[in-house]
Amino acid sequence: MERHEEARMHRRVDRADLAAVGEVRGAVRELLRYRWKEEPAQVAELLLSELVTNALVHTDDGAVVAVSVAPRRLRVEVRDFVPGMDPEPHVPPADDGTHGRGLILVESLADSWGISPRSLGKVVWFELDGERP
């Protein structure tokens, strides 16, 4: 019987460092490379990018990204340090370019997601099922 251990990644992303979004995305790609099928791994990268970008654009203190992956489950958490400001998915006006769609994507593509308040800030998280076809 083959045994699969859970793998983890933890990164601090500095405020306004939008280049870090690509770096974190690449790190998740490497983490998932031999652990998950390609399609759910690509969804994970997309949703992670959305949450990290939101944290960096809408806060001034950076974020902490935590990823844990098991054979059948991936969990991504993006923590910011701004109290309140609970994000909600909303459909932006059609002429708003590409802004405002991140949480709509998370809500649509994640198997589960949510927002967990912390004493300072919050964690926006999502989970994907590794058994996707």
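## A walk through the five-stranded sheet and its helices

Within the sheet of this predicted model, Gly114 has Trp125 as its bridge partner in strand 5. That pairing belongs to a longer contact between neighbours, since strand 4 and strand 5 run antiparallel to one another and are joined over six bridges. The two strands make a hairpin with four residues between them, and in its turn Gly121 has a positive phi of about 95°.

From this hairpin one can step back to the whole chain, which contains three helices and five strands and, when read along the sequence, follows the pattern β-α-α-β-β-α-β-β. The average pLDDT of the protein chain is 81, and 80% of the residues score at least 70. Over residues 90–98, however, the pLDDT is below 50, and this stretch has nine contacts in the model beyond near neighbours in sequence.

The five strands form an open sheet with antiparallel pairing, in the order 1-2-3-5-4. Strand 1 (7–13) and strand 4 (112–117) stand at its edges, and because each has a single partner strand, one side of each is left without a neighbour in the sheet. From one strand to the next, the twist averages 15°. Against this sheet packs helix 2 (residues 38–58), which touches strand 1, strand 2, strand 3 and strand 5 (122–129), and whose direction makes about 170° with that of strand 5.

Moving through the sheet, strand 2 is joined to strand 3 (residues 73–80) by seven bridges, and the two run antiparallel. One of the residue pairs here is Ala70 with Arg73, the latter being the partner in strand 3. Arg73 also has a bridge partner in strand 5, namely Asp129, and strand 3 and strand 5 pair over eight bridges, again in the antiparallel sense. Strand 5 itself is largely enclosed by the rest of the structure, because seven of its eight residues are buried.

Strand 2 (residues 63–70) also holds Ser68. Is Ser68 buried or exposed? Its relative accessible area is 9%, so Ser68 counts as buried, the cut-off for that term being under 20%. Leaving aside residues up to four places away in sequence, Ser68 touches Glu6, Ala7 and Arg8, as well as Arg73, Leu74 and Arg75.

The helices add their own buried residues to the picture. Helix 1 (residues 19–32) has 14 residues and reaches 21 Å from its first C-alpha to its last, which is close to the 20 Å expected at 1.5 Å a residue. Its buried residues are Ala20, Val21, Val24, Gly26, Ala27, Val28, Leu31 and Leu32, and they pack against strand 1, helix 2, strand 2 and strand 3. In helix 2 lies Val43, which counts as buried because its relative accessibility is 11%. Val43 and Leu128 are 85 residues apart in sequence, while in space their C-alpha atoms are 8.6 Å apart.

Such a pairing across the sequence can be set beside a figure for the chain as a whole: among contacts between residues at least 6 apart in sequence, 61% join residues at least 24 apart. Of the 133 residues in the protein chain, 43% are buried, and the chain exposes about 7,900 Å², of which carbon and sulfur atoms supply 50%.

Conventions
Residues numbered from 1 in each chain as written. Predicted model: local features only at pLDDT ≥ 70, side-chain atom pairs only at ≥ 80, totals over all residues. Heavy atoms only, no water. pLDDT = per-residue confidence, 0-100. Contact = heavy atoms within 4.5 Å. Buried < 20%, exposed > 50% of the residue type's maximum accessible area, 1.4 Å probe, protein only. Pairing = 2+ DSSP bridges. Axes fitted to C-alpha atoms, helices over the stretch in contact; angles between N-to-C directions. Areas by Shrake-Rupley, 256 points an atom, 1.4 Å probe, with all protein chains shown as cover. Expected span 1.5 Å × (residues − 1).
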